[in-house]
Amino acid sequence: MRVDVVDETGTEAAPLLRVRDLSVRVGEVTPVRGVDLDLPPGGRMAVVGESGSGKSLTALAIMGLLKPPLTVEGSIVLDGVELLDLSPRQLAAMRGGSLAMVYQDPMSSLNPVYSIGRQIVECIRLHEDVSRAVARRRAIDLLHEVGIADPERRVDSYPHELSGGMRQRVMIAMALSAEPKLLIADEPTTALDVTTQARIVDLMRRISEDRGTAVVFITHDLAIAARFCDQVAVMYGGRVVEFGEAEPTYDDPRHPYTRALLGSMCRLDGDVNELLPTIPGSPPLPAELPTGCSFRPRCPRAEEVCAEVFPPTVITDPGPRPHGAECHFAQEGMR
Ligand SMILES: Nc1ncnc2c1ncn2[C@@H]1O[C@H](COP(=O)(O)OP(=O)(O)OP(=O)(O)O)[C@@H](O)[C@H]1O
Ligand SMILES: [Mg+2]
């Protein structure tokens, strides 16, 4: 899928992140197969899909954190720099600087034996030559920014003394400490209750708007994605099967998988006693992909061609930001 970002004047805008034909292989298996993503500076993109669709591998590939036997092919350009050409040392510098990630499980990323303040201070001093006192002041400001009450006191707390929501906020504060241009958040709210989820998502949105930080927000929850993002990429079986600006994609989804995901969304205005529709069948394993379209075995629209021919990427609306889907019937408008 090759899509160029074009701004209102019709000229090509320089995206902050441009991923082209990204594949992740492990042995004979390719769990990520030719992913393209474009994110402008300050943009917010949700990457949505069921478990195993390749969301985390895509994120970890961008972060340069995949190690053999996993191999990465394609192109990942961040701010004009091809990340796949960088040495491990240069990549580590990127991760401390323009690129940061919030991981799914904050307890595994926070060190239990150090106070959160010390961990944030270390993060700040890793990439900036400032005194401990200055870094501590900045850590307190960051904790305040991410909505931790009484940050002067909390800065000396240990991770186990905080609630799940607070730990997630601390992780966001740590990720922001290097003032990254791109923040990748991998299901940062999955372990939290619904109210805390909404607060964290709103917080990330505010920070992105205030600081101009671009965010890739990985989630399996389209409702969360809708609350946060302006663009969406729907992943299935290691491919981006639908992409576009959030509103048109939600209003007029062109891939049956996106429609199924939307159908399984909990509607706040709906009858709570109504059974939520779920998507029948299960997602494909990377080693057992069907021929043709990988959604075909679960697809209500599937025809013979879907088993025989790999679906083309159909651009259903060219722009300024293209909307498209990888489906033989993407032009139909399925709703
Ligand atoms: N280190 C690995 N070695 C081999 N296969 C892997 C490895 N990591 C992930 N996979 C496989 O690659 C596929 C995609 O995994 P990935 O973790 O990217 O999924 P995901 O979309 O993030 O799912 P989830 O929503 O459950 O986090 C899965 O089938 C997974 O089993
Ligand atoms: Mg994952």
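This is a guided tour of the predicted model shown above, moving from its ligand to its strands, loops and aromatic rings.

Residues are numbered from 1 along each chain as its sequence is written, while chains are lettered from A and ligands numbered from 1 in the order in which they are written. Because the model is predicted, local features need pLDDT of at least 70 and side-chain atom pairs count only at pLDDT 80 or more, whereas totals for chains, interfaces and linings use all residues, and side-chain values use heavy atoms, with hydrogens and water left out.

**Ligand 1**

Select ligand 1 and the residues near it, that is, those with a heavy atom within 4 Å of it: there are 13 residues around the ligand, and the closest are Ser51, Gly52, Lys55, Ser56 and Leu57. Helix H1 (55-63) gives the most to this shell, with 3 residues; helices (H or I, at least four residues) and strands (E, at least two) are DSSP runs, numbered from the N terminus.

Now show the polar contacts, which are pairs of N or O atoms within 3.5 Å; within protein, one atom must be able to donate a hydrogen and the other to accept it, and residues adjacent in sequence count only if both atoms are side-chain atoms. An oxygen atom of ligand 1 is 2.5 Å from an N or O atom in the side chain of Ser51, an oxygen atom of the ligand is 2.8 Å from an N or O atom in the side chain of Ser56, and at Ser53 a polar backbone atom is 3.2 Å from a ligand oxygen.

**Strands E6 and E7**

Move next to strand E6 (residues 99-102), where Leu99 and Met101 on one side and Ala100 and Val102 on the other are all buried, buried meaning under 20% relative accessible area, exposed over 50% and partly exposed in between, with a 1.4 Å probe and protein chains only. E6 pairs in the parallel sense with strand E7 (residues 182-186) over 4 bridges, where pairing requires that DSSP finds at least two bridges between the strands. Select Met101 and then Ile184, its bridge partner in E7.

**Backbone details**

In the loop between H1 and strand E4 (70-78), find Pro69: the peptide bond from Pro68 to Pro69 is cis, with omega near 10 degrees. Two residues that are not glycines have a positive phi of about 50 degrees, namely Asp21 and Glu179. Asp21 is in strand E1 (residues 17-26) and is partly exposed at 42% relative accessible area, whereas Glu179, in the loop between helix H7 (164-176) and E7, is exposed at 56%.

**Arg239**

Which residue's side chain makes a polar contact of 2.4 Å with that of Arg239? Select Glu326 to see this partner, and then Arg33, whose backbone oxygen lies 2.7 Å from a polar side-chain atom of Arg239. Arg239 itself is found in strand E10 (residues 239-245) and is buried, with a relative accessible area of 12%.

**Aromatic rings**

End with the rings of Phe, Tyr and Trp (its six-membered ring), which pair if their centres lie within 6.5 Å, with planes under 30 degrees apart counted as stacked, over 60 as edge-to-face and the rest as tilted; the count comes to 4 aromatic pairs. The rings of Phe217 and Phe228 have centres 4.8 Å apart and planes at 35 degrees, so this pair is tilted. Phe217 is buried at 0% relative accessibility, and Phe228 is likewise buried at 0%. The rings of Tyr236 and Phe295 have centres 5.1 Å apart and planes at 85 degrees, so this pair is edge-to-face. Finally, add Tyr257 to the selection, as Tyr236, Tyr257 and Phe295 form one aromatic cluster.
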